[in-house]
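I opened a fresh page for this one and kept my notes short. Here is what I looked up, in the order I went through it.

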Amino acid sequence: MQKEADKVIITVLGKDTVGIIARVCTYLSENGINVLDISQTIIQGYFNMMMIVDMNASAVSFSACSGELDRIGREIGVSIKCQKEEIFEQMHRI
C-alpha cells in the first residue's frame, strides 16, 4: 500500500502557451515521478492545472522537485507550486 507522504499536489497557473503540460510532465517522467491524476482548464487564455503525483520512486527529494518546478515555471512564464498531500489536506479542512 502506498504511503500518503509520497503523494504531492502540483498546481500550475498562468497565461496559456504551447508546451506547458509537456514541460512539466517531461520533468516528472525524467525523475521517476508518476502522475496519478491530472485536471486542467483554460479560461479566457489562463491555464490552470492540478496534478496529484506519486514521489515514491522519485530520483529527487520533494524540496529539489519543488525548486526545479519553480524554476521551470519561471522559464515558461507560469507559477508552479508543490505541496505534500497531508499539508494540502490539513489546509483545506473545514
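How are α1 and α2 oriented relative to each other? Before answering, I noted that the model is a predicted one.

**Entry 1: the two helices**

I began with α1, residues 20-30, and α2, residues 62-76. I found an angle of about 155° between them as they pack, and their axes are 11 Å apart. Angles over 145 degrees count as roughly antiparallel, and therefore α1 and α2 are roughly antiparallel to each other. I also looked up the handedness, and the crossing of α1 and α2 is right-handed.

Next I listed who meets whom. On the α1 side I wrote down Ile20, Arg23, Val24, Tyr27 and Leu28. They meet Ala64, Cys65, Glu68, Leu69, Ile72, Glu75 and Ile76 in α2. Sorted by class, this contact has nine nonpolar and three charged residues, with no polar ones.

**Entry 2: the sheet**

In what order do the four strands lie in the sheet? I read it as β2-β3-β1-β4, an open sheet with antiparallel pairing. The edges are β2 (34-43) and β4 (78-84), each of which pairs on one side only. From one strand to the next, the twist averages 15°.

**Entry 3: strand by strand**

I started at the β4 edge. β1, residues 7-15, pairs with β4 over seven bridges, in the antiparallel sense. Val8 has Lys84 in β4 as its bridge partner, and Gly14 stands opposite Val78, also in β4.

Then I moved to the other neighbour of β1. How many bridges join β1 and β3? I noted nine, again antiparallel. Here Ile10 has Met51 in β3 as its bridge partner, while Val12 stands opposite Met49.

Last came β2 and β3, which run antiparallel and are joined by nine bridges. Met51 turned up again on this side, since I found it opposite Ile38. So I have Met51 in my notes twice, as the bridge partner of Ile10 and as the residue that Ile38 faces. β2 and β3 form a hairpin with two residues between them. I checked the turn as well, and Gln44 there has a positive phi of about 45°.

**Entry 4: helices against the sheet**

Which strands does α1 touch? I noted β1, β2, β3 (46-54) and β4, with α1 packing on the sheet. The direction of α1 makes about 20° with that of β3. α2 lies across β1 and β4, and I put its angle to β4 at about 165°.

**Entry 5: one loop residue**

I finished in the loop between α1 and β2, where Asn31 is found. Is Asn31 buried or exposed? The relative accessible area is 14%, and buried means under 20%, so Asn31 is buried. I then looked up its contacts, leaving out residues up to four places away in sequence. Asn31 touches Ala57, Ser58, Ala59 and Val60.

Notes: Residues numbered from 1 in each chain as written. Predicted model: local features only at pLDDT ≥ 70, side-chain atom pairs only at ≥ 80, totals over all residues. Heavy atoms only, no water. Axes fitted to C-alpha atoms, helices over the stretch in contact; angles between N-to-C directions. Parallel < 35°, antiparallel > 145°, perpendicular 65-115°, else oblique. Left-handed = near helix turned anticlockwise from the far one by under 90°. Contact = heavy atoms within 4.5 Å. Nonpolar A, V, L, I, M, F, W, Y, C, P; charged D, E, K, R; others polar. Pairing = 2+ DSSP bridges. Buried < 20%, exposed > 50% of the residue type's maximum accessible area, 1.4 Å probe, protein only.
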